[in-house]
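Trainee: Before I rely on the terms used for this model, I would like to go through them one by one.
Mentor: Then let us set each term against its cut-off and see what follows.

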Amino acid sequence: VQLQASGGGLVQPGGSLRLSCSATGSIFSSYAMGWFRQAPGYEREFVAGISWNGGKTNYADSVKGRFTISRDNAKNILLLQMNSLEPEDTAFYYCAARRIAGGNDGTYNYPYNYDYWGQGTQVTVSS
């Protein structure tokens, strides 16, 4: 599967952005999906995960209540709605896919759980 993230940009603190990740080349519903982010000098960190059918989601504590992950399997798209953005949210944001089998409806929190990665989109939160 090939992943293409988009939707990043510059936003003021308290603002909102919606990131998209389009998937091509494979059956999108065969994958659990996740969003990660990486700021300069820091390791890549988990942001949010979603099961293959959207029935389960999981969030990092730092974004819980502010970010919402969702997916549309008919359109092969993963979304991340980010509200109440803070300067600490500034980072490159990556979408990732993990192939699942047997209808496994889990979510996954670690980079090594994922098989495929998009190229990333920059989010900058600054006044």
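**Strands, rings and burial**

Mentor: In this predicted model, Phe-67 stands opposite Met-82 in strand 8, and strand 7 (67-72) is joined to strand 8 by 6 bridges, the two running antiparallel.

Trainee: Why are strand 7 and strand 8 said to pair?

Mentor: Pairing asks for at least two bridges between the strands, and 6 bridges join strand 7 to strand 8, so the term applies. The two strands form a hairpin with 4 residues between them, and Asn-76 in the turn has a positive phi of about 55°. On strand 3 (17-24), Ser-22 has Ile-77 of strand 8 as its bridge partner, within an antiparallel pairing of strand 3 and strand 8 over 6 bridges.

Trainee: What makes strand 9 and strand 10 a pair?

Mentor: Strand 9 is joined to strand 10 (residues 116-117) by 2 bridges in the antiparallel sense, and since the rule asks for at least two, the condition is met, so they pair. Ala-97 stands opposite Tyr-116 there. Strand 9 (residues 91-99) also has 8 bridges to strand 4, again antiparallel, and 3 bridges to strand 11 (residues 121-125). Tyr-93 in strand 9 stands opposite Arg-37 and also opposite Thr-121 in strand 11.

Trainee: Why is the pair of Phe-36 and Phe-46 called edge-to-face?

Mentor: A pair of aromatic rings is described by the distance of the centres and the angle of the planes. By the rule for ring pairs, the count comes to 7 aromatic pairs. For Phe-36 and Phe-46 the centres are 5.7 Å apart, within the 6.5 Å limit, and the planes stand at 75°, over the 60 degrees required, so the pair is edge-to-face. Phe-36 lies in strand 4 (residues 31-38) and Phe-46 in strand 5 (residues 45-50), so the pair ties together parts that are 10 residues apart in sequence. Both rings belong to one aromatic cluster with Tyr-114 and Trp-117.

Trainee: How do you know that Phe-36 and Phe-46 are buried?

Mentor: The term needs a relative accessible area under 20%; Phe-36 has 0% and Phe-46 has 12%, so both count as buried.

Trainee: What makes Arg-44 a charge over a ring?

Mentor: The charged end of Arg-44 sits over the ring of Trp-117, 4.7 Å from its centre, and that distance is within the 6 Å allowed. Arg-44 also lies over the face of Tyr-94, at 3.9 Å from the ring centre.

Trainee: Why is Ser-51 called buried, and what does its side chain contact?

Mentor: Ser-51 has 0% relative accessibility, which is under 20%, so the word buried applies. Ser-51 is placed in the loop between strand 5 and strand 6 (57-59), and its side chain makes a polar contact with the side chain of Asn-53 at 3.0 Å, a distance within the 3.5 Å limit. Leaving out residues up to four places away in sequence, Ser-51 touches Ala-32, Lys-56, Arg-71, Asp-105, Gly-106 and Thr-107.

Trainee: Which residues of the largest nonpolar core touch the most other members?

Mentor: Of its 37 residues, they are Met-33, Trp-35, Leu-78, Leu-80, Met-82 and Tyr-93. Among the strands that each supply at least two residues of this core are strand 4, strand 8 and strand 9. Neighbours within four places in sequence aside, the contacts of Tyr-93 include Phe-36, Phe-67, Leu-80 and Met-82.

Notes. Residues are numbered from 1 along each chain as its sequence is written. This is a predicted model: local features need pLDDT of at least 70, side-chain atom pairs count only at pLDDT 80 or more; totals for chains, interfaces and linings use all residues. Side-chain values use heavy atoms; hydrogens and water are left out. Rings of Phe, Tyr and Trp (its six-membered ring) pair if their centres lie within 6.5 Å; planes under 30 degrees apart count as stacked, over 60 as edge-to-face and the rest as tilted. Buried means under 20% relative accessible area, exposed over 50%, partly exposed in between (1.4 Å probe, protein chains only). A charge sits over a ring if NZ of Lys or CZ of Arg is within 6 Å of the ring centre and within 35 degrees of the ring normal. A polar contact is a pair of N or O atoms within 3.5 Å; within protein, one must be able to donate a hydrogen and the other to accept it, and residues adjacent in sequence count only if both atoms are side-chain atoms. Contact means heavy atoms within 4.5 Å. A nonpolar core is a set of buried Ala, Val, Leu, Ile, Met, Phe, Trp, Tyr and Cys residues joined through side-chain atoms within 4.5 Å.
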